[in-house]
Amino acid sequence: MGYDRCVAARCAWVLGAIGCAWLLAACGAGGPAGRGADVVRTDSAGIRVIENRVDPAALPALELPAAPIVRIGVVEGSSAQQLFRVTSAVRLSDGRIAVVNSGTNELRYYGPDGVHLRSVGGAGSGPGEYRGLRTAWRLPGDSVLVNDFLEDVLAVYAPDGTLVRSWPIQQIAPFVAPPPVGRLTNGDFVAFTRLVRSRSPDYVGRTDYNGFLIRYGPDGQPGDTLAVDPGGYDYYDRCTPGGGGGGICRIPIPFFPEAYAVAAGERIFYGNSKRFEVLVRDETGALRQIWRWTTATRPVTQADVDRALAAVIALRPDDANRRRQLERWFAETPIPETMPAFSALRLDAAGNLWVEEFRAFMETRSTWAVFAPDGVLLGRVRMPDRFRVLDIGTDYVLGVRTDAMDVEFVELYALPALPVDAAE
């Protein structure tokens with residue numbers, strides 16, 4: 001793709017999200033490895049395949065500013081400013097920030113300056129109370145949708161924080177009521193879950209999964225199964241030391257592939273981290289595009305395994321029986337030869353897809369590859385240390401950072417343009 005054509009086609013899409021300076025660097029014929037020219041598009045049976053033949057890891061990563069624009073949270077002080085188990089946050093159009101503080105089962109509203117405005121919800125089983133508040137989504141008009149994953153409930157709050165209504169998510173199988181991963185243009189929700197494809201009769205050993213994309217109506221009633229795609233796998237064993245009797249436990253080795261999904265508007269994105277690709281489906285579930293990128297696989301070394309084992313042991317360092325069990329699991333379980341391809345998928349407000357380069361849980365800094373709405377790789381963004389991304393706008397990144405004492409802070413960073421000369 002030539003320079004002029006690339007800019008004309010995509011500058012409007014990413015002007016706010018990443019800036020035309022970054023786009024010019026990505027599209028310029030003189031950029032690294034000719035990124036704009038290294039995109040191959042093919043069609044087969046009505047499916048467009050977009051192949052980015054540039055390794056994202058070879059591109060310079062955009063660093064966010066050292067200091068956030070807004071920081072919410074305190075070590076000591078008002079309970080409304082203290083955060084505990086933040087699982088979701090979204091920025092509203094007027095600059096307010098809605099935070100799911102799952103430790104208290106509250107949805108908290110903070111001003112553009114980070115000052116607490118209002119808390120709603122709370123622990124309990126009555127109207128507007130929750131047992132497992134987990135995720136928030138920004139809806140048109142600054143309404144906020146939240147999910148209680150323990151009660152399988154969705155609730156909508158008006159822009160001022162008033163509860164409008166709540167309703168149950170109907171189960172698709174016993175004890176399975178998957179929460180949404182996005183909302184379609186027509187108001188339907190897309191939910192994602194994984195269900196067992198194969199496992200041993202005694203549940204010990206490898207279990208393979210399929211990923212299910214399911215449509216929910218605005219009333220929480222399940223509709224069509226939009227797609228079923230191969231998912232990842234796990235290994236399980238008896239929970240008791242020595243492997244005899246007791247329940248079944250998932251072996252906590254962080255190198256097994258997993259499946260991820262996200263949806264917005266008229267598109268649904270699904271990725272199996274066995275491969276460096278994402279499937280793009282329309283609102284009916286039909287496969288329309290496959291986005292791929294070229295990158296070197298990252299081998300799992302013995303040092304990686306040792307670090308992962310040490311990190312898991314450190315969660316309960318005084319439990320000698322657990323330590324022996326973990327050591328046996330890590331020694332006997334087949335471990336993949338290479339790391340998974342990625343760790344998460346997110347969509348920003350401009351429709352760009354952000355793919356987190358694989359990061360095992362003992363690694364504290366994430367890097368994301370960013371793809372334009374047409375599947376072309378734009379560049380990479382590296383996040384601050386111990387920072388987890390929760391919301392990406394046209395000119396900001398919102399997330400939660402944990403300090404060395406495990407105190408949580410919700411932070412908002414400006415998303416600057418990548419200078420042209422930084423990509424040359």
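This is a guided tour of a predicted model, stop by stop, with what to select at each one.

**Before selecting anything**

Residues are numbered from 1 along each chain as its sequence is written, and side-chain values use heavy atoms, with hydrogens and water left out. Because the model is predicted, local features need pLDDT of at least 70 and side-chain atom pairs count only at pLDDT 80 or more, while totals for chains, interfaces and linings use all residues.

**The whole chain**

Start with the protein chain in cartoon view, where there are four helices and 28 strands; helices (H or I, at least four residues) and strands (E, at least two) are DSSP runs, numbered from the N terminus. Of its 424 residues, 52% are buried, where buried means under 20% relative accessible area, exposed means over 50%, and partly exposed lies in between (1.4 Å probe, protein chains only). The accessible surface comes to about 18,300 Å², and 52% of that surface belongs to carbon and sulfur atoms; such areas come from the Shrake-Rupley method with a 1.4 Å probe, and for residues only the protein chains shown count as cover. Among the contacts with a separation of 6 or more, 49% are between residues 24 or more positions apart, contact meaning heavy atoms within 4.5 Å.

**The open sheet**

Next, select the open sheet of 11 strands, whose order is 1-2-21-20-19-18-13-14-15-16-17 and whose pairing is mixed; two strands pair if DSSP finds at least two bridges between them. Strand 1 (39-44) and strand 17 stand at the edges with a single partner strand each, so one side of each is left without a neighbour in the sheet. The twist averages 30° from one strand to the next, with axes taken as lines fitted to C-alpha atoms (for helices over the stretch in contact) and angles running from 0 to 180 degrees between N-to-C directions.

At the strand 17 edge, strand 16 and strand 17 run antiparallel and are joined by three bridges, with Arg238 opposite Ile248 in strand 17. Add helix 4 (residues 320-332), which lies across strand 16 and strand 17 and runs at about 110° to strand 16.

**The disulfide**

Stay in this region and show Cys239 and Cys249, which form a disulfide with their sulfur atoms 1.9 Å apart; a disulfide is a pair of cysteine sulfur atoms within 2.5 Å, and the structure holds one. The torsion about the S-S bond of Cys239 and Cys249 is about 110°, so the disulfide is right-handed. Cys239 sits in the loop between strand 16 (222-238) and strand 17 (248-250), whereas Cys249 is in strand 17, 10 residues apart. Cys239 is partly exposed, with a relative accessible area of 28%, and Cys249 also counts as partly exposed, at 24%.

**Asp282 in strand 20**

Move to strand 20 (residues 277-282) and select Asp282. Is Asp282 buried or exposed? Asp282 is buried, with a relative accessible area of 12%. Leaving aside neighbours within four places in sequence, Asp282 is in contact with Glu266, Ile268 and Arg288.

**Strands 10, 11 and 12**

Now select strand 11 (residues 153-157), where five of the five residues are buried, so the strand is largely enclosed by the rest of the structure. Both faces are covered, with Val153, Ala155 and Tyr157 buried on one side and Leu154 and Val156 buried on the other. Strand 10 (residues 144-148) runs antiparallel to strand 11 over five bridges, and Val144 stands opposite Tyr157. Strand 12 likewise runs antiparallel to strand 11 over five bridges, with Ala155 opposite Ser166. In the hairpin of strand 10 and strand 11, which has four residues between the strands, Asp152 takes a positive phi near 55°; in the hairpin of strand 11 and strand 12, with five residues between, Gly161 takes a positive phi near 95°.

**Strands 26, 27 and 28**

Finish with strand 27 (residues 396-402), six of whose seven residues are buried, so the strand is largely enclosed by the rest of the structure. Strand 26 (residues 387-392) pairs with strand 27 in the antiparallel sense over five bridges, a hairpin of three residues joining them. Val400 is a useful residue to centre on: Val400 is the bridge partner of Arg388 and also stands opposite Val410 in strand 28. Strand 28 (residues 408-414) runs antiparallel to strand 27, joined by seven bridges, and in the hairpin between these two strands Asp406 takes a positive phi near 65°.
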